[in-house]
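User: I would like to go through the reasoning behind the labels used for this model, setting each value against its cut-off.

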Amino acid sequence: MVRIESIQDVKSLLKAVSNSIEKSDPLHQQFKWYSEANFSVASEYYGELKLFLVKVLKSEEGRALPYRKELQQLLKFLKRIW
């Protein structure tokens with residue numbers, strides 16, 4: 001189970017996903033962006049991340065993602081708070 005207590009915890013998970021994906025994969029750059037993104041309001045970051053995860057986890061590419069289970073847990077967390 002992923003322990004999410006702060007935005008930094010979320011970004012650490014997303015960075016781990018990014019680092020485990022081939023650099024040539026378009027998802028690598030997207031996960032990297034979310035692991036480094038700085039929004040002025042946390043709710044905006046979480047809202048955009050939720051939309052991204054819904055899209056990715058439902059896609060064909062998302063079915064083979066490393067850390068898929070952890071990303072699904074993160075998505076459940078985001079859906080509970082937004």
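**Surface, fold and one histidine**

Analyst: In this predicted model, the protein chain exposes about 5400 Å², of which carbon and sulfur atoms supply 50%. Of its 82 residues, 34% count as buried.

User: What makes the secondary structure of the protein chain read as it does along the sequence?

Analyst: The assignment comes to four helices and zero strands, and the pattern along the sequence is therefore written α-α-α-α, a helix being a DSSP run of at least four residues.

User: Why is the protein chain called as compact as a globular protein of that length?

Analyst: The radius of gyration is 12 Å, and the globule rule gives 12 Å for 82 residues, so the two values are close and the description follows. Along its principal axes, the C-alpha trace spans about 30 × 20 × 20 Å.

User: Why does H28 count as buried?

Analyst: The relative accessibility of H28 is 7%, and buried means under 20%, so H28 meets the criterion. Its place is in helix α2, which covers residues 26–36.

User: How do you know that the side chain of H28 has a polar contact with S18?

Analyst: A polar atom of the H28 side chain lies 2.7 Å from the backbone oxygen of S18, and the cut-off for such a pair is 3.5 Å, so the distance falls within it.

User: Which residues is H28 in contact with, leaving aside its neighbours within four places in sequence?

Analyst: Under that restriction, H28 is in contact with S18, I21, E22 and K23, where contact requires heavy atoms within 4.5 Å.

Notes: Residues are numbered from 1 along each chain as its sequence is written. This is a predicted model: local features need pLDDT of at least 70, side-chain atom pairs count only at pLDDT 80 or more; totals for chains, interfaces and linings use all residues. Side-chain values use heavy atoms; hydrogens and water are left out. Helices (H or I, at least four residues) and strands (E, at least two) are DSSP runs, numbered from the N terminus. The radius of gyration is taken over C-alpha atoms; the globule rule is 2.2 Å times the number of residues to the power 0.38. Buried means under 20% relative accessible area, exposed over 50%, partly exposed in between (1.4 Å probe, protein chains only). Accessible areas come from the Shrake-Rupley method with a 1.4 Å probe; for residues, only the protein chains shown count as cover. A polar contact is a pair of N or O atoms within 3.5 Å; within protein, one must be able to donate a hydrogen and the other to accept it, and residues adjacent in sequence count only if both atoms are side-chain atoms.
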